[in-house]
Number of protein chains: 2
Amino acid sequence: MKSRESTQKNIQPISDFAEYLKEKGLKVTNQRTLVAQKIFNMDSHFSVDHLANELRQKHASISRATIYRIISVMVEGGLLAEHNFGSSSKIYEHISNRKHHDHIICLDCGSIQEFCNEEIETAQLQIAKEMGFELSEHSLNLYGHCVKLKKSGSCSSMKKSTN
Amino acid sequence: MKSRESTQKNIQPISDFAEYLKEKGLKVTNQRTLVAQKIFNMDSHFSVDHLANELRQKHASISRATIYRIISVMVEGGLLAEHNFGSSSKIYEHISNRKHHDHIICLDCGSIQEFCNEEIETAQLQIAKEMGFELSEHSLNLYGHCVKLKKSGSCSSMKKSTN
DNA sequence: TTTATTGCAAAGGGTTTGCACGTGC
DNA sequence: GCACGTGCAAACCCTTTGCAATAAA
């Protein structure tokens, strides 16, 4: 049931990807479709390892080399954001139809939450201007301990949510 | 001449390191002293590779394994900050006696500049509070093109300043 | 058919580790 | 002398790549 719902709601981004591929003269392969489907149905941040495991459970084993290559295409096409949160591997999230945000990461359980702050965005533009830079991107990550999550019991310091 | 000056001005941090080692019951070895000296005399951000090369030129070849181990001690001891600016290897900078700052990185030449912004710092604390986090650290990196440096000729898109 | 894509296995690059030897204390 | 530190080489982990087989257009 859950999977049917999420498949429904994410039809759009997947056809966006197919369209993007065609525009670029790239082929719409089975692997690319499966990987994109899985990615657009994940509601959280993921590592390549996580993605590969999910695909394997879905009986869609795709080689890691191919997954890396597909992810690289999606990042270049602006459909996927790549993050470095300090762990050994990179973390990704799909960004189609989603507004910009930054992240706050729990050092105990690894949970990743999002936030937006206009004041900070504005200050960044101002700083870049003052320093003679043409700003193209930024990365802001806060690290801490999720007191609130711990109280509600939804933080387990044992489990790592990604990677 | 240059090296004599910089050796002079950095005596303090080096004895701080020796003191830290003693406190922790660690030994003040030749390698640790040489590495710390080199680090405190570097006025910029550096990678392990960069550091190893500098040491080699100073006729103080120290194995990479040892350099990694020493750096790890210094990071744990709060004498060294570790950054991830997107390149393949981590970037370090000594932080004793230096106030907190964030970084702006040129995507063309790799130059790394520092800035401080109180407004952003305050906003971060506020965000963490609202999200129920006890903030322990953060990383804010801006990426762009150094228009000003290019105009003055001090930006070479060919050279990478670190790593 | 043509050209891009895949999977495999091997290579790469940065970092860590096991172990025997060396060195501070 | 004891315990910790070092160097070497091998191991590790994540990621990339060469190449022959395969599939999209």
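In this predicted model, Glu82(B) is partly exposed, with a relative accessibility of 40%. Its salt-bridge partner is Lys90(B), with N and O 4.0 Å apart. Lys90(B) has a relative accessible area of 36% and is also partly exposed. Both values fall between the 20% and 50% limits, so both residues count as partly exposed.

A second salt bridge in chain B joins Arg64(B) to Asp49(B). Here the closest N and O atoms are 3.2 Å apart. The pair links distant parts of the chain. Arg64(B) belongs to helix 5, whereas Asp49(B) belongs to helix 4, which spans residues 48–57. The two residues are 15 residues apart. Arg64(B) is partly exposed at 34% relative accessibility. Asp49(B) is partly exposed as well, at 38%.

A third pair in chain B consists of Arg98(B) and Glu93(B). The closest N and O atoms of this salt bridge lie 3.2 Å apart. Its two ends fall into separate exposure classes. Arg98(B) is partly exposed, at 35% relative accessibility. Glu93(B) has a relative accessibility of 3%, which is under 20%, so this residue counts as buried. In chain A, salt bridges connect Glu93(A), Arg98(A) and Glu114(A) in a network. Over all chains, the structure contains 10 salt bridges.

The protein also meets DNA strand D. This strand is surrounded by 18 residues. The closest are Tyr68(A), Thr29(B), Gln31(B), Thr66(B) and Arg69(B). Of the DNA strand D atoms within 4 Å of the protein, 70% belong to sugar and phosphate. The side chain of Tyr68(A) places an N or O atom 2.3 Å from a phosphate oxygen of the strand. Bases are contacted too. Lys27(A) has a side-chain N or O atom 3.2 Å from a base nitrogen of DNA strand D. For Lys27(B), a polar side-chain atom lies 3.0 Å from a base nitrogen of that strand. Three helices each give two or more residues to the surface near DNA strand D: helix 5 (64–76) of chain A, and helix 3 (30–41) and helix 5 (64–76) of chain B. The residues of this surface comprise 6 nonpolar, 6 polar and 6 charged.

Chain A as a whole contains 7 helices and 5 strands. Along the sequence, their order is α-α-α-α-α-β-β-β-β-α-β-α. Chain A has 163 residues, and 43% of them count as buried. Its accessible surface is about 9300 Å², and carbon and sulfur atoms supply 50% of that area. Among contacts in chain A with a separation of 6 or more, 54% join residues 24 or more positions apart.

Technical notes:
Residues numbered from 1 in each chain as written. Chains lettered and ligands numbered in written order. Predicted model: local features only at pLDDT ≥ 70, side-chain atom pairs only at ≥ 80, totals over all residues. Heavy atoms only, no water. Helix = DSSP H or I, 4+ residues; strand = E, 2+ residues; numbered from the N terminus. Buried < 20%, exposed > 50% of the residue type's maximum accessible area, 1.4 Å probe, protein only. Contact = heavy atoms within 4.5 Å. Areas by Shrake-Rupley, 256 points an atom, 1.4 Å probe, with all protein chains shown as cover. Near = heavy atom within 4 Å. Polar contact = N/O pair within 3.5 Å; in protein donor to acceptor, adjacent residues only side chain to side chain. Nonpolar A, V, L, I, M, F, W, Y, C, P; charged D, E, K, R; others polar. Salt bridge = Lys/Arg side-chain N within 4 Å of Asp/Glu carboxyl O.
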